[in-house]
Amino acid sequence: MKRRDFLLAAALSALAPMAAVRASSELKLGFEEMYEGNPILGLQFSQKLKSCADKTVSVEGFMAPPLKPEADFLVMTREPVSLCPFCNSDQDWPDNIIVVYLSKKQEFVQANRPIVVTGKLQLGSYTDQETGFVSLVRLVDATFEVLK
């Protein structure tokens, strides 16, 4: 083995444990972990959700049909929805949603395909200046990939 190849192999083997630590320390958040309390009295952010605020998290779910095809944001839901959530009354609106602001535009997928979204979690009321959409829970600087 040439010295250069040996050094490259040594460097890669030194980086492998760091990648494993990073992957195992990734915060995962489930929709069922987002709120606590009684829906009649008003849901409150769970302790887990609050502890993940301003950190990078991954969430599995489904993409709601986009408002427009070239949007740089999406709405993520716990279960697939076939109708545009922006076109329905608030009575039909899913109670567990996350607004996702993508770091770059990605091609949207069908609403029945499970995805995992990774981004920085933000909490609290926010009104999007461009759309007027109000959110309480957001992932920003996010990306998504389709689960197999």
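This briefing walks through the fold, the core, the strand pairing and the confidence of the structure above. The model is predicted, and its protein chain has two helices and eight strands. The mean pLDDT of the chain is 78, with 72% of the residues at 70 or more. A good place to start looking is strand β4, which is largely enclosed by the rest of the structure because six of its eight residues are buried.

**Overall fold**

- Reading from the N terminus, the elements follow the order α-β-β-β-α-β-β-β-β-β.
- The protein chain has 148 residues, and buried ones make up 32% of them.
- About 9,700 Å² of the protein chain is exposed, and carbon and sulfur atoms supply 54% of that area.
- If we take the contacts between residues at least 6 apart in sequence, 63% of them join residues at least 24 apart.

**The nonpolar core**

- The largest nonpolar core holds 31 residues, and Met76, Ile98, Val100, Leu139 and Phe144 have the most contacts inside it.
- Helix α2 (47–52) and the strands β4 (56–63), β5, β6 (97–102), β7 (114–127) and β8 (134–146) each bring at least two residues to this core.
- Strand β6 gives the largest share of the core, with six residues.
- Met76 is worth a closer look: beyond its neighbours within four places in sequence, Met76 contacts Val59, Glu60, Gly61 and Phe62, and also Ile97, Ile98 and Val100, among others.
- The list of contacts for Met76 also includes Phe31, Asn96, Ile115 and Val117.

**How β4 pairs with other strands**

- Towards β7, β4 runs antiparallel, and seven bridges join the two strands.
- Within that pairing, Glu60 faces Val116 of β7, and Ser58 has Thr118 as its bridge partner.
- Towards β5, the pairing of β4 is also antiparallel, over two bridges, with Phe62 opposite Thr77.
- Strand β1 (residues 27–28) runs parallel to β4 and is joined to it by two bridges; here Lys28 stands opposite Ser58.
- Ser58 thus appears in two pairings, opposite Lys28 of β1 and as the bridge partner of Thr118 in β7.
- As a reminder for viewing these strands, side chains in a regular strand alternate between the two faces of the sheet.

**The β7 and β8 hairpin**

- Ten bridges join β7 to β8, and the two strands run antiparallel.
- One of the facing pairs is Leu123 with Val137 of β8.
- Six residues lie between the strands of this hairpin, where Gly132 takes a positive phi near 80 degrees.

**Three residues to inspect**

- Thr56 belongs to β4, and its C-alpha atom is 6.8 Å from that of Leu27, although the two residues are 29 apart in sequence.
- Leaving out neighbours within four places in sequence, Thr56 contacts Leu27 as well as Thr118, Gly119 and Lys120.
- Val75 sits in strand β5 (residues 73–77). Its relative accessible area is 4%, which is under the 20% cut-off, so Val75 counts as buried.
- The C-alpha atoms of Val75 and Ala64 are separated by 5.5 Å, with their positions eleven residues apart along the chain counted as the sequence separation.
- Asn96 lies in the loop between β5 and β6, yet Asn96 is buried, because its relative accessible area of 8% is under 20%.
- Setting aside neighbours within four places in sequence, Asn96 is in contact with Phe31, Tyr35, Met76, Thr77 and Arg78.
- Phe31 and Met76 are worth showing together with Asn96, as both are among its contacts.

**Where to read with care**

- Over residues 3–24, pLDDT stays under 50, and the model has one contact beyond four places in sequence for this stretch.
- Residues 89–93 also have pLDDT under 50 throughout, with four contacts beyond four places in sequence.
- Predicted coordinates should not be read in detail where pLDDT is low.

Technical notes
Residues numbered from 1 in each chain as written. Heavy atoms only, no water. Helix = DSSP H or I, 4+ residues; strand = E, 2+ residues; numbered from the N terminus. Buried < 20%, exposed > 50% of the residue type's maximum accessible area, 1.4 Å probe, protein only. Contact = heavy atoms within 4.5 Å. Areas by Shrake-Rupley, 256 points an atom, 1.4 Å probe, with all protein chains shown as cover. Core = buried A, V, L, I, M, F, W, Y, C linked by side-chain atoms within 4.5 Å. Pairing = 2+ DSSP bridges. pLDDT = per-residue confidence, 0-100.
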